[in-house]
Each structure stands twice: as structure tokens, then as C-alpha cells.
Amino acid sequence: MQKIRFYYSLQEEKMKILKLRVSGLPRFKDVLEVDFWAQQRVEPKKSENLYCLFSNIYTNNAVSFVGINASGKTTNLKVISFVLNLLNNKSINSMDNNDILEGMEIDGSVEFDTYFHHGHQLYRLYTLIKKEIDGKEGSEKYVIGKERIWSKDEKKIKTK
């Protein structure tokens with residue numbers, strides 16, 4: 001069984017995914033949104049169950065996916081694994097979990113909005129993946145149609 005971790009070591013500092021927002025996946029009717037950070041106010045006596053990133057921004061130590069058979073639990077984990085592979089600069093066409101893109105039409109697209117924390121920066125990575133026909137071989141392939149990254153120093157973020 002493959003173990004999925006929600007952080008990867010990058011230059012000896014941990015990168016933490018805070019939020020994923022994915023639209024256009026063939027297996028999902030609506031937008032898939034997964035949050036890994038505590039959205040409610042965290043009281044000091046309850047903070048031991050959470051991981052403090054900075055200020056009063058916390059991530060959950062554990063996240064669970066619960067549902068009946070065939071409700072999408074495994075597919076959710078595959079999407080998370082896919083995003084981790086994207087962040088680690090792996091080729092889309094050789095990823096183990098690129099089957100989440102199966103069923104995408106030619107010239108169709110899937111949009112990934114990934115928010116993560118690394119070092120003392122918060123990042124937002126927008127990636128648009130398209131399906132095209134390879135002109136040389138005539139086979140289908142996935143390509144990054146558009147990609148953009150934003151960053152913000154955590155000290156500039158105001159929290160209530």
C-alpha cells in the first residue's frame with residue numbers, strides 16, 4: 001500500500017500543503033476543494049492537536065476521508081498525490097496517479113490551484129493541464145498549458 005504524506009522535504013525545510021482547489025476533473029461534477037489548515041479560531045489549550053505554521057495559522061495533524069464505497073475517497077488521495085508530484089517537478093505523463101485525468105477531452109483542461117507554505121513564504125501555484133495529440137506519434141499526452149506562482153512573506157499576512 002502506498003503511503004501518502006502531506007509534506008515533502010525540500011532543501012531540509014518542510015513544505016506544507018494548505019489547500020487544493022481543482023476544477024475540470026472528469027470524475028468530479030463540481031470543484032474539488034481540500035483544506036489542510038484549521039479554519040476556526042484555535043484556543044491555546046487545544047493547539048497541541050495542531051501544527052503551528054506561524055502566528056495563529058495552524059494545520060491539522062490528521063485529515064480523514066470518510067464515505068461509502070465508490071464515493072471518491074481514493075480518488076481524493078490520488079489528486080493529493082498528483083499535486084505533490086507536480087510540486088516535485090515530475091513529468092505528468094509518467095506519474096503513477098495521472099489516471100485522475102482520464103476521460104478528459106482533447107483540448108480539455110483541468111485547473112489546479114495549490115496553496116502551500118515553505119520556509120517563511122506562502123505560495124499559490126496555478127497550473128492548467130491540457131490534453132493534446134502529439135504531432136509526431138499521434139498519441140495523446142498531457143501538457144502544462146499555463147502555470148503561474150505567487151508568493152507572500154508570512155510576516156506580511158495579517159490574521160484575526
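With which residue does Lys130 form a salt bridge, and how far apart are the closest N and O atoms? In this predicted model, the partner of Lys130 is Glu132, and the closest N and O atoms of the two side chains are 3.9 Å apart. Lys130 is partly exposed, with a relative accessible area of 27%. Glu132 likewise counts as partly exposed, at 26% relative accessibility. Lys130 also takes part in the pairing of strands, since this residue of strand 7 stands opposite Ser109.

The salt bridges of the model number 7. One of them joins Lys19 to Glu33, with a distance of 3.1 Å from N to O. Lys19 belongs to strand 2 (residues 13–23) and Glu33 to strand 3 (residues 32–35), so this contact ties together parts of the chain that are 14 residues apart in sequence. Both side chains of this bridge fall in the intermediate class of accessibility: Lys19 is partly exposed at a relative accessible area of 22%, and Glu33 is partly exposed at 39%. A further salt bridge is formed by Glu140 and Lys131, whose closest N and O atoms are 3.0 Å apart. Lys131 is buried, its relative accessible area being 9%. Shared partners extend the contact of Lys19 and Glu33 into a network, in which salt bridges join Lys19, Arg21 and Glu33.

Lys19 is also placed against an aromatic ring: this residue lies over the face of Tyr115, at 6.0 Å from the ring centre. A second arrangement of this kind involves Arg124, which lies over the face of Trp150 at 4.3 Å from the ring centre.

Contacts between aromatic rings were examined next. The structure contains 2 aromatic pairs. In the pair formed by Phe82 and Phe112, the ring centres are 5.3 Å apart and the planes meet at 25°; the pair is therefore stacked. These two residues come from distant parts of the chain, Phe82 from helix 1 (residues 73–87) and Phe112 from strand 6 (residues 109–118), with 30 residues separating them. Phe82 and Phe112 are both buried. The other pair consists of Phe116 and Tyr123, and this pair is stacked as well, with 5.1 Å from centre to centre and 20° between the planes. The two partners differ in accessibility class. Phe116 is buried, with a relative accessible area of 7%, whereas Tyr123 is partly exposed, with a relative accessible area of 23%.

Strand 6 is mostly covered, as 7 of its 10 residues are buried. Its neighbour is strand 7 (residues 121–133), which runs antiparallel to strand 6 and is joined to it by 10 bridges. The two strands form a hairpin with 2 residues between them. Within the turn of this hairpin, Gly119 has a positive phi of about 65°.

Positive phi values also occur at residues other than glycine. Most residues other than glycine have a negative phi. Ala70 departs from this pattern, with a phi near 65°. Ala70 is located in the loop between strand 5 (57–60) and helix 1, and at 87% relative accessibility Ala70 counts as exposed. Asn89 likewise has a positive phi, near 65°. This residue lies in the loop between helix 1 and strand 6. Asn89 is exposed, with a relative accessibility of 71%.

The loop between helix 1 and strand 6 also holds Ser91. At 42% relative accessibility, Ser91 counts as partly exposed. Ser91 and Tyr142 are separated by 51 residues in sequence, while their C-alpha atoms are 9.4 Å apart in space.

Methods
Residues numbered from 1 in each chain as written. Predicted model: local features only at pLDDT ≥ 70, side-chain atom pairs only at ≥ 80, totals over all residues. Heavy atoms only, no water. Phe/Tyr/Trp six-rings, centres within 6.5 Å; stacked < 30°, edge-to-face > 60°. Helix = DSSP H or I, 4+ residues; strand = E, 2+ residues; numbered from the N terminus. Buried < 20%, exposed > 50% of the residue type's maximum accessible area, 1.4 Å probe, protein only. Lys NZ or Arg CZ within 6 Å of the ring centre and 35° of its normal. Pairing = 2+ DSSP bridges. Salt bridge = Lys/Arg side-chain N within 4 Å of Asp/Glu carboxyl O.
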